[in-house]
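Please look over the sequence and the structure shown here before reading the report that follows. The sections take up one helix and then a metal site.

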Amino acid sequence: MNIKAFNIVNLLPLIMLSSLSFADDTSNSKLHNIARNVSPDRIEKDIQKLVSFGTRHTLSQTTSNTKGIGAARRWIKAEFDKISAQCGGCLTVYYQSETISDDKRIPTPTEVVNVIAIQKGQSDPNRYVVMSGDIDSRVSDVMNFTSDAPGANDNASGIAGTLEAARVLSQHKFHGSIIYAALSGEEQGLFGGKIMAKQAKKEGWKIKAVLNNDMIGNIEGVNGIINNTTARIFSEGTRSTETDKEARSRRFTGGEVDSASRNLARYIDKIADQYIPNLDTMMIYRLDRFGRGGHHRPFNQVGFPAVRIMETNENYNRQHQDLRTENGIQYGDTIDGVDFDYAAKLTALNAVSLASMALAPTPPADVKIEGAVKPHTTLSWRSPSKSENPQLAGFKIYWRLTDAAQWQFSRFVGKVDQFTLENVVIDNYFFGVASVAIDGTESPVVFPGAAGSFDQ
Ligand SMILES: [Zn+2]
């Protein structure tokens, strides 16, 4: 998105250039190292292992140590435990489960089990960023829990990426906490995400971002396109928890394209430009693909910022298919359809985004804006707690033309909780505020009011 933003900027008066935020102005060597350390070989090995369980269907067997979802989740837990042992026990690893029954896709009582690994933050442990993938797989009939369902791309790629991010990030320390989540029950109705979102709500976890990875390894589209240099980020436009009153105020002041999830997508898009060579992300302005679901949705439904990260070019011959060859076409989600370098690239995008947010201070809360019938625009916000955010250097105000996809202008304003942009007219731009750390890392940009809030 950089190139496009730059062209627009070039057309603006010279005076605006002084407030331009160049792509490399916050470049951070720790984040470059994190991107470099993600290994396609380890991702390949993990996908191979996950495929070896035959099927990982949510209703599949749980007693075997080599086949079925029980064996798969025990292996994932053991991997997280191994990673934790190598960082002096830095991960808290546990099963999170609930018994589901009487559902169309889970008719008999079945334990839906997630594997959760938490890397606690140093100064703000109750603030979380989450990376997730799905354990379960399926074939053509969603109720078939015995046939081989390798699910190499859907979604062993997401689990392998999540494990690899844990390996790389557990070598570093962060201010906020990072959760690595292997969710289950996705194909049966997003049950694992619902279970996790419910626990997070109940226990008051301050989740500021969920990066849900669902299919991050396919580069050959069913439309004939082969491309390993783009990825998609899906995000909701307005929040599903918006009240009628909030919707009325949004109608007058904007916010349709500035939910916390959407600004999380912008954040990840910028990370791709800064830290991931040969990757440009498409921000898709919708919750998910047509008629399809993903595990970011249960988090959105209770108000948490959450996005779906995935490949650009899907291959429907490989998704949710019985393994077979028909009219010369090979069907099924087998490992030969996964590009490990590409999966590593998307994993690096996740890892750097998580690291950047966990290093940065928490996003500003209670962001307000005023300036009607005045030449100036004033933003105000609540400064985050000092003890939880000792790395806070100050705040940066961002703004952009109302039809621009990415933030275009910014101004660092220091450690204040209010700032007036002189002769910038409120009606002509969208505005937001980010928290900035001493090391240059930043929180996502928070759009004013309920529409853009990162608070829960
Ligand atoms: Zn699927």
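## The two sides of helix H3

In this predicted model, the buried residues of H3 are Ile43, Asp46, Ile47 and Leu50. These residues lie on the same side of H3, because they cover an arc of only 100° around the axis. An α-helix has 3.6 residues a turn, so residues three or four places apart point the same way. On the other side of H3, by contrast, Asp41 and Lys45 are exposed.

The cover over the buried residues of H3 includes helix H4 (68-85), helix H5 (152-169) and helix H11 (340-359).

## Span and N-terminal end of H3

Helix H3 is made up of 12 residues, 40-51, and its reach from the first C-alpha to the last is 16 Å, close to the 16 Å expected at 1.5 Å a residue. The N-terminal end of H3 is capped by Ser39, of which a side-chain oxygen lies 3.2 Å from the backbone nitrogen of Asp41.

## The zinc site

The zinc ion has as its protein donors Asp154 (OD), Glu187 (OE) and His320 (NE2), which lie 2.0 to 2.2 Å from the ion. Along the chain, the donors of the zinc ion follow the spacing D-x32-E-x132-H. Glu187 and His320 link distant parts of the chain, being 133 residues apart: Glu187 belongs to helix H6 (residues 186-189), whereas His320 sits in the loop between strand S8 (306-311) and strand S9 (324-326). Both Glu187 and His320 are buried.

Note on methods:
Residues are numbered from 1 along each chain as its sequence is written. This is a predicted model: local features need pLDDT of at least 70, side-chain atom pairs count only at pLDDT 80 or more; totals for chains, interfaces and linings use all residues. Side-chain values use heavy atoms; hydrogens and water are left out. Donors are N, O and S atoms within 2.8 Å of the metal (3.2 Å for Na, K and Ca); water is not among the atoms, so sites may look incomplete. Helices (H or I, at least four residues) and strands (E, at least two) are DSSP runs, numbered from the N terminus. Buried means under 20% relative accessible area, exposed over 50%, partly exposed in between (1.4 Å probe, protein chains only). The expected span of a helix is 1.5 Å times one less than its number of residues. The arc is that of the directions from the helix axis to the C-beta atoms. Contact means heavy atoms within 4.5 Å. A polar contact is a pair of N or O atoms within 3.5 Å; within protein, one must be able to donate a hydrogen and the other to accept it, and residues adjacent in sequence count only if both atoms are side-chain atoms.
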